[in-house]
Amino acid sequence: MIDLYYWPTPNGNKITIFLEEVGIPYNTIPVNIMVGEQFKPEFLNVSPNNRIPAIVDHKPANGGAPISVFESGAILLYLAEKTGKLIPQDVRVEVLQWLFWQMGGLGPMAGQNHHFGEYAPEKIDYAINRYVKETGRLYTVLDKRLADREFVAGVYSIADIAAYPWIVLYERQNQNLEDFPNLKRWFETIKARPATIRAYEKAEAFKISNPANDKVVLSP
């Protein structure tokens, strides 16, 4: 059994998509980042960086004591290696490259896009333009990658799962999917997968239609 410490953000939704894809039983433990629950001592024991998602695997592959993992990319990699799914060995390097691309590029840049466009108390045109343009550049990179393959590494993998939830918010990032035809085709394909549908239905259970619109408590 996997305990998933979760809130319906792009990073949180990565993990529910994976778990729904592979069919691992999991228990969802809500961590309401809108009221600062990520700073509770019991959560910090699992995720010392006070960010969701995090997991506790009560039945690790080695049969030892429970293992906790934080950071969404590390969780995806851990679960893929544990199950042997969604990280094909013949394209492992491709999967890892694009997983790290998302963790180091798409997620942080889109996050800054959201922050300066919507949350910053002062609207700074330079910052807004910088992150909108950088998000667009990253969309272009992904669009070109998908020009001659169905998925990022050729076959569906954790690289796709990592990127997809950030593209869900494309309108808030001032991006138009019509400008990225290969990316749009990829996006619609993943959106229609049964596991993706189930994952976002679970997110809706939190009664947050767009969690990124809510104010996140960044400090206790």
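# Exercises on a predicted single-chain model

Going from the N terminus, the chain's elements come in the order β-α-β-α-β-β-α-α-α-α-α-α; helices (H or I, at least four residues) and strands (E, at least two) are DSSP runs, numbered from the N terminus. This is a predicted model, where local features need pLDDT of at least 70, side-chain atom pairs count only at pLDDT 80 or more, and totals for chains, interfaces and linings use all residues. Residues are numbered from 1 along each chain as its sequence is written, and side-chain values use heavy atoms, with hydrogens and water left out.

## Exercise 1: the whole chain

Work out how many helices and strands there are, and why the radius of gyration agrees with a compact globule.

Step 1. Count the elements: you should get 8 helices and 4 strands.

Step 2. Take the radius of gyration over C-alpha atoms and apply the globule rule, 2.2 Å times the number of residues to the power 0.38. For 220 residues a compact globule would sit near 17 Å, and the chain has 17 Å, so the two agree.

Step 3. Look at the box: along the principal axes, the C-alpha atoms fill roughly 50 × 45 × 30 Å.

Step 4. Check burial, where buried means under 20% relative accessible area, exposed over 50%, and partly exposed in between (1.4 Å probe, protein chains only). Of the 220 residues, 50% count as buried.

Step 5. Now the contacts (heavy atoms within 4.5 Å). Of those with a separation of 6 or more, 68% come from residues 24 or more positions apart.

## Exercise 2: helix α5

Find how far α5 reaches and what covers its buried residues.

Step 1. Helix α5 covers residues 125-145, 21 residues in total. The expected span is 1.5 Å times one less than the number of residues.

Step 2. From first C-alpha to last, α5 reaches 30 Å, close to the 30 Å expected.

Step 3. Pick out its buried residues, among them Tyr131, Val132, Thr135 and Tyr139.

Step 4. Their cover includes α4 (92-119), α6 (158-167) and α7 (181-191).

## Exercise 3: two buried residues

Decide where glutamine 173 and proline 10 lie, and which residues they touch.

Step 1. Glutamine 173 is in the loop between α6 and α7. It's a loop residue, yet its relative accessible area is 0%, so it counts as buried.

Step 2. Leaving out residues up to four places away in sequence, glutamine 173 touches Ala110, Asn113, His114, Val132, Thr135, Tyr139 and Trp166. Val132, Thr135 and Tyr139 should ring a bell: they are among the buried residues of α5.

Step 3. Proline 10 sits in helix α1 (residues 10-22) and is buried because its relative accessibility is 10%.

Step 4. With the same sequence neighbours left out, proline 10 touches Pro165, Trp166 and Leu169. Trp166 is thus a partner of glutamine 173 and of proline 10.

## Exercise 4: backbone oddities

Locate the cis peptide bond, then find where asparagine 50 and glutamate 71 lie and whether each is buried or partly exposed.

Step 1. The bond from isoleucine 52 to proline 53 is cis, with omega near 0 degrees. Proline 53 lies in the loop between α2 (41-44) and β3 (54-57).

Step 2. Asparagine 50 belongs to the loop between α2 and β3. Its phi is near 45 degrees, a positive value in a residue other than glycine. Asparagine 50 counts as buried because its relative accessibility is 16%.

Step 3. Glutamate 71 has a positive phi too, near 75 degrees, and lies in the loop between β4 (67-70) and α3 (72-83). At 34% relative accessibility, glutamate 71 counts as partly exposed.
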